[in-house]
Amino acid sequence: MLKTLISLTDSTAQTLVKSITVSDQMFRLWRGLKTVVRTSPGNTHHYHTIQAIPRECTGSRISSRDRAQGRIPAVVFSQGLLEKNPSNRSPSRKQILTAERKQIRSIIKSVQLPFFCSTRFQLQIRAGSGSSVLLESGTVLPIKIHRDEESGKILNLVFVWADEGTELKVDVPVVFKGLEDCPGLKKGGYFKVIRSSLMFQCPAEHIPQKIEVDVSKLDVDGRVLMHDIEVHPSMKLLSKNESMPICKIAPTYIENPEPIKV
């Protein structure tokens, strides 16, 4: 009976060790997946839901009062409302709102200012500040930030509805990488940015937060043209001349060089 008990104890211990090993492996796998999800740039807008409330009245005095209460006047509508040809305008779904200044500042800091107007966000319009009554919700894209020229404070925000399948025009920031390995710069050339953003028309769900351009192979006089940029097939570049350069490595010229003494 003692041998049987020892055998059972050994068997239980082995099972327990295997269980701990599997649990440890599962924890490591879960931790890795969590890290991947957190660092995925395509999911940025899912972490931020802008909370807003309707404005019954408009005007400079009303807007000043809202700002004094820590809120930012805002408006959201369908981008088709901006079409010059009235026959091309779509139903506006226009809403006059205010959003909490503290939340907007936090979001801009999180996604970084250059990418704020190329990032979609969830918007929830509630009946009042702190209310649980949801009047309307959807996905929006910021298209304009109005600031005070002296203080830099945000005065107004303009959004357009950016639900899936909606065709939008968006100005996408261009980010240049590989400068530290660029042979043209190592030879003394200097990097000249010609376009810091590109205008596209595409479905809302395919809007990139930024476009990365690798310049690590550019030599002196090398350049990257608009049509060199690889984007999603649904994205249409809104430019009359796609052969225009975005950036180039320009040679360094010495103006009025002193004559070499022999």
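Modeller: The protein chain has four helices and 13 strands. Those elements are DSSP runs numbered from the N terminus, with H or I over at least four residues for a helix and E over at least two for a strand. This is a predicted model, where local features need pLDDT of at least 70 and side-chain atom pairs count only at pLDDT 80 or more, while totals for chains, interfaces and linings use all residues. Residues are numbered from 1 along each chain as its sequence is written, and side-chain values use heavy atoms, with hydrogens and water left out.

Biologist: What share of the 262 residues in the protein chain is buried?

Modeller: It's 34%. Buried means under 20% relative accessible area, exposed means over 50%, and partly exposed is in between (1.4 Å probe, protein chains only).

Biologist: OK, so what makes M226 count as buried?

Modeller: M226 has 3% relative accessibility, and the limit is under 20%, so M226 counts as buried. M226 is found in the loop between β11 and β12 (236-237). Skipping residues up to four places away in sequence, M226 touches R195, L198, L237, S239, N241, E242, M244 and I246. A contact here means heavy atoms within 4.5 Å. The C-alpha atoms of M226 and L237 are 8.5 Å apart, with their positions 11 residues apart along the chain.

Biologist: And D66, a charged residue: why is that one called buried?

Modeller: Its relative accessible area is 6%, again under 20%, so D66 is buried. D66 sits in helix α2 (residues 60-68), and touches R55, R71 and T98, not counting residues up to four places away in sequence.

Biologist: Then how do you know whether D171 is buried or exposed?

Modeller: Neither word fits: D171 has a relative accessible area of 37%, which falls between 20% and 50%, so D171 is partly exposed. The residue is in strand β7. Leaving aside neighbours within four places in sequence, D171 is in contact with C117, S118, S197, L198 and M199.

Biologist: What about R223, which class does that one get?

Modeller: R223 comes out at 41%, between the two cut-offs, so it is partly exposed. R223 belongs to strand β11 (residues 223-225) and touches L218, P245, C247 and K248, not counting residues up to four places away in sequence. Its C-alpha lies 6.4 Å from that of I249, 26 residues apart along the chain.

Biologist: Let's move to the core. What makes the 29 residues of the largest one a nonpolar core?

Modeller: A nonpolar core is a set of buried Ala, Val, Leu, Ile, Met, Phe, Trp, Tyr and Cys residues joined through side-chain atoms within 4.5 Å. The largest such set has 29 residues, and L198 and V213 have the most contacts inside it. Among the strands that each supply at least two of its residues are β2 (71-77), β6 (154-161) and β13 (245-250). β7 gives the most, five residues.

Biologist: How do you know where this core lies relative to the domains?

Modeller: Domain 1 (50-162) and domain 2 (170-251) both give residues to this core, so it lies between them. Those bounds come from an automatic or database domain assignment. Apart from this core lies another, of 21 residues, including I107, V111, I125 and W161.

Biologist: Now the largest pocket: why is it called a pocket and not a cavity?

Modeller: On a 1 Å grid over the protein atoms alone, a cavity is a set of points where a 1.4 Å probe fits but cannot get out, while a pocket is an open set with protein on both sides within 12 Å along at least five of seven lines. The largest pocket has a volume of about 480 Å³, that is, the space filled by probe spheres set on points joined across faces, edges and corners. Of its 21 lining residues (those with an atom within 4 Å of a point), the closest to the centre are Q79, L82, L168, K169 and V170.

Biologist: Where does the largest pocket lie, and how do you know?

Modeller: Domain 1 and domain 2 both give residues to its lining, so the pocket lies between them. The largest share of the lining, five residues, comes from β7.
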